[in-house]
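This report looks at how a protein surrounds the two small molecules placed with it. The sequence and structure come first, and the description follows.

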Amino acid sequence: MSDAPDITVIDHPLVQHKLTLLRDKDTPVAHFRRLIREISLLLCYEVTRDLPLTTRAIETPVAPMEAPVLAGKKLCFVSVLRAGNGLLDGMIDLMPSARVGHIGLYRDAETLDAVEYYYKVPQDLGDRLTIVVDPMLATANSAIAAVQRLKDGGARHMKFLSLVASPEGARAFNAAHPDVGLYTGALDSHLNEHGYIVPGLGDAGDRIFGTK
Ligand code: PRP
Ligand code: URA
């Protein structure tokens with residue numbers, strides 16, 4: 001049996017090109033920020049590809065028509081702080097009415113366990129498709145904890161969107177949350193002994209916010 005993880009790789013040429021620029025260690029903070037915002041528009045476009053539509057009666061300047069519009073309640077985006085905010089900004093550009101939640105998590109440097117320090121999400125999560133965003137899926141400890149927290153808070157229909165994932169993390173996430181669709185811009189080679197994705201792009205939060 002294949003041990004390939006169940007993950008959708010958004011391999012659009014523009015995503016791949018911009019991701020290469022992001023990965024380059026010489027890409028400066030301002031450029032990194034702009035690129036991740038641009039990529040998030042493309043990722044958002046793909047991760048929302050199967051949203052249901054309904055129709056609304058409108059009149060064009062030429063004729064009346066039943067025109068397609070998104071069905072159901074507004075989506076909720078949940079950013080895993082800090083680095084999730086790098087993806088969140090562009091996604092809100094594309095879907096400005098989306099509701100937004102935040103989960104603050106950091107990785108303990110020794111154990112690599114996720115430690116929660118903040119949680120604020122809309123109350124009616126159960127009625128909305130919730131897309132959780134974090135650029136890096138490494139061990140997946142953070143992603144697994146974030147999704148579990150949201151399930152405990154009532155979320156029922158979720159997707160998890162990353163920019164770069166490790167096979168180890170994707171498999172761990174699949175095992176913990178088989179009901180949550182996993183999406184990424186790239187599935188990389190492996191994790192190193194420090195739990196960093198190889199080749200990856202380094203510490204996403206530090207590169208977005210210029211903290212190192
Ligand atoms: C990074 C990243 C993920 C996590 C991934 O966050 O943004 O949240 O690590 O690693 P994992 O899959 O092994 O859990 P970090 O803990 O560095 O915090 P930050 O976003 O505040 O920099
Ligand atoms: N967090 C990051 O920002 N990068 C990695 O490679 C792993 C965890």
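## Surroundings of the two ligands

By class, the shell around ligand 2 has five nonpolar, two polar and two charged residues, where Ala, Val, Leu, Ile, Met, Phe, Trp, Tyr, Cys and Pro count as nonpolar, Asp, Glu, Lys and Arg as charged, and the others, Gly among them, as polar. This is a predicted model, in which local features need pLDDT of at least 70 and side-chain atom pairs count only at pLDDT 80 or more, while totals for chains, interfaces and linings use all residues; side-chain values use heavy atoms, with hydrogens and water left out. Residues are numbered from 1 along each chain as its sequence is written, and chains are lettered from A and ligands numbered from 1 in the order in which they are written.

The shell of ligand 2 consists of Arg 107, Met 136, Ala 138, Gly 195, Tyr 196, Ile 197, Gly 202, Asp 203 and Ala 204, a residue being counted if one of its heavy atoms lies within 4 Å of the molecule.

Around ligand 1 there are 16 residues, of which Arg 107, Asp 134, Thr 139, Ala 140 and Ser 142 are the closest. By class, this shell of ligand 1 holds eight nonpolar, four polar and four charged residues. The elements β5 (99-107), β8 (136-137) and α4 (141-152) each supply at least two residues of the shell around ligand 1, and β5 gives the most, with three residues; helices (H or I, at least four residues) and strands (E, at least two) are DSSP runs, numbered from the N terminus.

The table lists polar contacts, here pairs of N or O atoms within 3.5 Å.

| Ligand and its atom | Protein partner | Distance |
|---|---|---|
| Ligand 1, oxygen | Ala 83, backbone N or O | 3.1 Å |
| Ligand 1, oxygen | Ala 138, backbone N or O | 2.9 Å |
| Ligand 1, oxygen | Ser 142, side-chain N or O | 2.5 Å |
| Ligand 2, oxygen | Ile 197, polar backbone atom | 2.9 Å |
| Ligand 2, nitrogen | Gly 202, backbone N or O | 2.8 Å |
| Ligand 2, oxygen | Ala 204, backbone N or O | 2.8 Å |

Taken alone, ligand 2 exposes 230 Å², and the protein buries 89% of that, with accessible areas coming from the Shrake-Rupley method with a 1.4 Å probe. For ligand 1, the protein covers 90% of the 500 Å² of accessible area that the ligand has on its own.

Note on methods
Polar contact = N/O pair within 3.5 Å; in protein donor to acceptor, adjacent residues only side chain to side chain.
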